[in-house]
There are 2 protein chains.
Amino acid sequence: MSLFTRVVRIRLAALLLASSPAIASPANADGAADDATPHAPTTAEVLANSNDAEWRQPDPAHTLYVELESGRVVIELAPAFAPGHVANIQALARAGFYDQAMVTRSQENYVVQWGLPEEAGTGHRGDARDAIDAEFDRAADGLDFTALEDGDVYADQVGWSGGFPAARDTTRGRAWLAHCYAAVGAGRGNAADSSDGGQLYVVIGHSPRHLDRNITTVGRVIHGMEHLSVLPRGTGPLGFYEHPDQRIALRRARLASEVPEAERTALEILRTDSDSFAALVQARRHRREEWFIDPVGRVELCNVPVPVRPIDG
Amino acid sequence: MSLFTRVVRIRLAALLLASSPAIASPANADGAADDATPHAPTTAEVLANSNDAEWRQPDPAHTLYVELESGRVVIELAPAFAPGHVANIQALARAGFYDQAMVTRSQENYVVQWGLPEEAGTGHRGDARDAIDAEFDRAADGLDFTALEDGDVYADQVGWSGGFPAARDTTRGRAWLAHCYAAVGAGRGNAADSSDGGQLYVVIGHSPRHLDRNITTVGRVIHGMEHLSVLPRGTGPLGFYEHPDQRIALRRARLASEVPEAERTALEILRTDSDSFAALVQARRHRREEWFIDPVGRVELCNVPVPVRPIDG
């Protein structure tokens with residue numbers, strides 16, 4: 001093999017798992033009819049063709065900035081699902097509680113978690129409450145819900161609500177946030193009501209959907225996941241750091257609404273009830289990028305990332 | 001809140017997501033009957049009760065050691081699913097090909113990938129072939145298969161074969177390895193047969209099952225995932241490192257069979273066709289640990305990690 005061939009090979013390899021503009025295969029590997037049309041858009045084309053009204057800016061009062069040494073993590077909170085916890089997180093952030101917090105846990109293929117080190121005592125709690133009821137699920141009534149038709153192992157129905165991956169029990173009329181990658185939840189002890197938002201965890205591995213309805217999910221990371229997912233794994237039980245000096249400080253954590261506008265991270269999120277989002281789900285279901293041999297024909301909830309983009313200017 | 005209360009709270013928080021010995025709830029949250037009995041074992045109890053004959057040692061000739069600065073990554077290869085690729089990986093390893101390889105890509109919530117940097121040319125290839133047929137799936141006949149009954153979004157049937165998470169198309173009689181967390185595959189360009197095992201990737205995020213049957217999966221990481229999952233994310237397209245000096249060298253990569261016995265990592269894996277593995281699946285489906293409020297009652301393929309343990313002495 002010549003060096004040239006090797007270079008070509010490397011260039012091809014660079015396309016591994018790529019989402020390049022593409023043609024559709026005529027049928028999927030099951031021999032079932034593929035409903036893709038030759039001109040159906042790819043994910044990249046859907047995003048390029050979306051219009052500005054289909055994007056929303058997260059509410060600054062419900063956006064938490066966590067500043068690590070390596071950069072900012074942006075969390076969108078979900079008051080529609082966890083109003084008590086979100087109110088407490090707001091109070092704790094305003095009081096400077098999280099400025100004393102440290103990442104104490106990084107468990108491989110599971111979660112990172114932060115909270116106050118023992119020496120900080122109760123910390124600065126401001127108006128935060130010491131006890132909140134569990135918010136594992138809520139009434140499905142009154143929630144918008146964009147359903148995904150591909151089924152799910154864990155729930156009757158899955159889809160998106162207010163921009164968050166979510167699930168419903170249609171018989172019991174309940175809804176909850178799904179533990180997809182980047183979900184943020186409130187750590188608790190064995191008692192259902194033992195979380196107050198002072199301990200937060202973020203999913204960094206395969207989506208642990210068995211946590212759904214077992215813990216209060218408070219939102220999701222919309223920017224900066226790469227600052228959390230690469231933290232060294234803890235070697236103690238459950239991925240806790242064994243020595244206090246292994247903990248990673250949160251330099252500061254504030255609500256976006258408390259940060260001068262010039263210092264905010266300007267982001268917008270594709271509305272999950274928009275036509276472009278529906279087209280994106282279809283593009284993720286039927287892969288039309290040239291790289292794909294089998295267009296798949298199915299998609300699972302947590303394999304549809306909700307698009308987030310910076311706002312120019 | 002007193003300091004004492006805070007300390008208690010932190011101790012409780014340490015239990016977050018724990019798998020502690022437990023009692024079963026009488027019914028799951030759907031109100032459906034729970035088939036758990038009061039004495040059904042938890043995951044920890046299943047492992048403690050397993051017998052030695054239920055564990056197997058991976059074949060050293062089909063085990064690849066990848067040595068990073070931070071430690072050893074152990075990959076079990078799957079010749080039953082990708083005989084051509086596994087033979088080529090063995091030839092490349094024996095020739096010292098991977099000793100020149102570098103991690104060139106680390107894409108958030110997706111994969112890390114290594115291969116030869118351009119300046120290495122074709123590298124030391126020994127008896128390795130330059131071209132191999134794609135091995136995206138194989139005949140289901142002749143394969144052992146332990147089915148999971150909980151369904152799947154992507155395949156007719158999922159379960160385990162030879163210790164690997166796998167899937168089947170029962171109509172067409174085909175089987176393939178599933179892209180769960182820690183799956184290892186052979187990078188390719190747009191042509192189906194453009195992989196040769198010289199570029200390998202490892203799943204480090206939510207399981208990208210849409211890659212199933214689109215690329216040749218060659219095995220899975222059974223030890224040392226934490227050395228790969230924390231690598232800094234690349235900032236170029238597809239998570240490639242933008243500057244050559246960001247790449248991370250594989251110091252050495254050898255088959256376990258080529259390594260003196262005293263330097264091997266002695267591991268054993270719970271047989272996926274054993275009674276204890278069946279009990280473990282049941283324990284992962286019906287969560288009996290005290291922490292769980294809702295015992296869940298369902299489990300998805302990639303949320304059943306196949307247990308691996310060190311061999312004493």
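**Why these labels? Strands and buried residues**

Trainee: What makes you say that both faces of strand β11 (residues 183–186) of chain B are covered?

Mentor: On one side B:A183 and B:G185 are buried, and on the other B:V184 and B:A186 are buried too. Buried means under 20% relative accessible area, with exposed over 50% and partly exposed in between (1.4 Å probe, protein chains only). A strand here is a DSSP run of E of at least two residues, and a helix one of H or I of at least four, numbered from the N terminus. This is a predicted model, where local features need pLDDT of at least 70, side-chain atom pairs count only at pLDDT 80 or more, and totals for chains, interfaces and linings use all residues. Residues are numbered from 1 along each chain as its sequence is written, chains are lettered from A and ligands numbered from 1 in the order in which they are written, and side-chain values use heavy atoms, leaving out hydrogens and water.

Trainee: How do you know that β11(B) and strand β13 (residues 216–223) of chain B pair?

Mentor: Pairing takes at least two bridges found by DSSP. These two have four, in the antiparallel sense, and B:V184 stands opposite B:G219 in β13(B). With strand β12 (residues 200–203) of chain B, β11(B) has three antiparallel bridges, and there B:V184 has B:V202 as its bridge partner.

Trainee: Why is A:R213 called buried?

Mentor: Its relative accessibility is 9%, so A:R213 counts as buried. A:R213 lies in the loop between β12 (200–203) and β13 (216–223) of chain A.

Trainee: And why does B:V296 count as buried?

Mentor: Because its relative accessibility is 7%. B:V296 also has a positive phi of about 80° although it is not a glycine.
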